[in-house]
Amino acid sequence: MAASNRIRAVIFDIGGVVVRSPFIAISAYEREQGLPANYINVALSKLGDSGAFQRYERGELSYTEFIDLWTAELNDADANNRAYRAYLKRRDLDVRM
């Protein structure tokens with residue numbers, strides 16, 4: 001690669017400082033799909049630091065490992081529903097689902 005074409009920096013912004021927050025897109029997707037508000041974010045965070053997304057952010061998983069684990073986590077409707085009901089209960093919201 002020619003010196004003038006080298007990558008000199010990579011900007012990673014997930015918090016909405018440089019570009020819009022991904023949570024805006026997630027909220028829009030939830031509405032489009034008829035999912036309850038914050039359902040996907042609860043599913044992403046239900047395992048805390050041991051979740052696939054968190055482990056991938058720390059570089060503990062390859063991309064393929066991440067996709068396999070993340071897919072399994074997001075498709076675990078029983079665990080996601082339990083986590084969402086707990087989320088609603090913590091906020092004193094209607095937990096009927």
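Ile11 is exposed, with a relative accessible area of 69% (exposed means over 50%, buried under 20% and partly exposed in between, using a 1.4 Å probe and protein chains only). This is a predicted model, in which local features need pLDDT of at least 70 and side-chain atom pairs count only at pLDDT 80 or more, while totals for chains, interfaces and linings use all residues. Residues are numbered from 1 along each chain as its sequence is written, and side-chain values use heavy atoms, with hydrogens and water left out.

**Surface patch and helix α1**

- Ile11 joins Val17, Val18 and Val19 in a nonpolar surface patch, and together they have about 450 Å² of accessible area.
- Such patches take residues with over 30% relative accessible area and no salt bridge, joining nonpolar side chains (Val, Leu, Ile, Met, Phe, Trp, Tyr) within 5 Å and like charges within 9 Å; the areas come from the Shrake-Rupley method with a 1.4 Å probe, and for residues only the protein chains shown count as cover.
- Ile11 sits in the segment before α1 (22–33); helices here are DSSP runs (H or I, at least four residues), as are strands (E, at least two), numbered from the N terminus.
- From first C-alpha to last, the 12 residues of α1 reach 17 Å, close to the 16 Å expected at 1.5 Å a residue (the expected span is 1.5 Å times one less than the number of residues).
- Gly34, just after α1, takes a positive phi of about 75°.

**Aromatic rings**

- Rings of Phe, Tyr and Trp (its six-membered ring) pair if their centres lie within 6.5 Å, with planes under 30 degrees apart counted as stacked, over 60 as edge-to-face and the rest as tilted.
- By this rule there are seven aromatic pairs; one of them is Phe66 with Trp70, stacked at 4.9 Å centre to centre with 25° between the planes.
- Phe66 and Trp70 are four residues apart in helix α4 (residues 63–74), so about one helical turn separates them.
- Phe66 is buried at 5% relative accessible area, whereas Trp70 is partly exposed at 24%.
- Phe53, Tyr56, Tyr63, Phe66 and Trp70 make up one aromatic cluster.

**Salt bridges**

- A salt bridge here is a side-chain nitrogen of Lys or Arg within 4 Å of a carboxyl oxygen of Asp or Glu, and the count by this rule is two.
- Glu60 pairs with Arg55 at 3.6 Å, N to O, and with Arg58 at 2.8 Å between the closest N and O atoms.
- Arg55, Arg58 and Glu60 are thus linked in a network of salt bridges.
- Arg55 is partly exposed at 26% relative accessible area, Glu60 is partly exposed at 42%, and Arg58 is partly exposed at 43%.
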